[in-house]
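Please open the model in your viewer and keep the sequence panel beside it. The tour below moves from one selection to the next and says what to look for at each stop.

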Amino acid sequence: MPDQSTDLRANDLRETVRERYAAAAVQVSEGGTACCGPQAIEIDDTFGSTFYAADERNALPAEAVAASLGCGNPTAVADLHEGERVLDLGSGGGIDVLLSARRVGPTGKAYGLDMTEEMLQLALASQKKAGATNVEFLKGTIEAIPLPANTIDVVISNCVINLSTDKSAVFAEMFRVLTPGGRISISDVVADDELAPAQRAERGDYAGCIAGALSFAEYRDGLGAAGFTDIELAPTHAVADGMHSAVVRATKPGGSSPR
């Protein structure tokens, strides 16, 4: 019989995350009415739009840049190619979707998936301003991706999977939607293996991308259990004591996809 207390806690955590990112989207939207345009959300140098080159930021609507809350720049390491289909999990204000759309060109497509209505509205407004026609934003959760199996070449995500309360479902869904030979290129927060979950929680809250982070070993095991191969985790910078932003790569076997 399912543990109802566990389900309730998971629902509470998801709602906490949704509320935080809804508030962030509203903050950016309200900033857009000021004479000087929207300002980046105040966080610190371990999260946000600082991971994007100036030419990338300047080429996008200010709202998409201001709403960036990630811990890296997955589009910089995804090695995207013309004609590929890309899915961004937890697409927020749309910065990675819009950058991906530019890289895959008119013969490719970039999807953004987010559960927060306010972020989706912000992303759709940015898409319109950017004139991006090869983009589609979807409402839903990363544990139940609303796309058919074997339809995506590359899955990207920027500091979102750590927010999920069912990461095994996320890994399984990524594997399902990828074509054989498809790949993931993710920025996420990962903990040192020696840090227990309670110790991770001491370093930051769940909605702040810290308490829910997997360890390096847990991440590898989770991806492997979902069927992924060629699994690589490379830390890029510290976000707390024993906690790192990392680039995560892996491949769905059964085909050939450029890396």
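## A tour from the strands to the salt bridges

This is a predicted model, and the first selection is a pair of facing residues: choose Asp 88 together with Ile 156, which stands opposite Asp 88 in β4. Widen the selection to the two strands around them, and you will see β1 and strand β4 (residues 152-158) paired in the parallel sense over 4 bridges.

Keep β1 in view and add strand β2 (residues 109-114), which pairs with β1 in the parallel sense over 5 bridges. Here the facing residues to pick out are Arg 85 and, opposite Arg 85 in β2, Lys 109. To follow the chain between these two strands, select helix α5 (residues 95-104), through which the path runs from β1 to β2 in a right-handed β-α-β crossover. Is β1 largely enclosed by the rest of the structure, or open to the outside? Colour residues 85-89 by accessibility: 4 of the 5 residues of β1 are buried, so the strand is largely enclosed by the rest of the structure.

Just before β1, stop in the loop that lies between α4 (74-77) and β1, where Asp 79 is found. Asp 79 has a positive phi of about 55° although it is not a glycine, and with a relative accessible area of 34% this residue is partly exposed. A second residue to inspect in this way is Asp 230 in strand β7, which is not a glycine either and yet has a positive phi of about 50°; at 49% relative accessibility, Asp 230 counts as partly exposed.

Next, select helix α9 (residues 216-226) and show its side chains. Which residues of α9 are buried? They are Phe 216, Tyr 219, Gly 222, Leu 223 and Ala 226, and because they cover an arc of only 135° around the axis, they are placed on the same side of α9. Turn the helix to its other side, and you will find Asp 221 and Ala 225 exposed. To see what the buried residues of α9 pack against, add α7 (167-177), β5 (178-191), β6 (214-215), β7 (229-240) and β8 (243-251) to the display. Beyond the helix, α9 is followed by Gly 227, whose phi is positive, near 115°.

The last stops are salt bridges, of which a search of the whole structure finds 8. Select Glu 117 and Lys 139, whose side chains meet in a salt bridge at 3.1 Å, N to O. Glu 117 lies in helix α6 (residues 117-130) and Lys 139 in strand β3 (residues 135-139), so this pair ties together parts that are 22 residues apart in sequence. Of the two partners, Glu 117 is partly exposed at 33% relative accessibility, whereas Lys 139 is exposed, with a relative accessible area of 53%.

Move on to helix α7, where Glu 173 and Arg 176 lie 3 residues apart, about one turn of the helix. They form a salt bridge in which the closest N and O atoms are 2.7 Å apart; Glu 173 counts as buried at 12% relative accessibility, while Arg 176, with a relative accessible area of 28%, is partly exposed.

Finish with Glu 232 and Arg 249, which meet through their side chains in a salt bridge of 3.8 Å, N to O. Since Glu 232 lies in strand β7 and Arg 249 in strand β8, the pair ties together parts that are 17 residues apart in sequence.

Key. Residues numbered from 1 in each chain as written. Predicted model: local features only at pLDDT ≥ 70, side-chain atom pairs only at ≥ 80, totals over all residues. Heavy atoms only, no water. Buried < 20%, exposed > 50% of the residue type's maximum accessible area, 1.4 Å probe, protein only. Pairing = 2+ DSSP bridges. Right-handed = clockwise from strand over helix to strand, strands pointing away. Arc of directions from axis to C-beta. Contact = heavy atoms within 4.5 Å. Salt bridge = Lys/Arg side-chain N within 4 Å of Asp/Glu carboxyl O.
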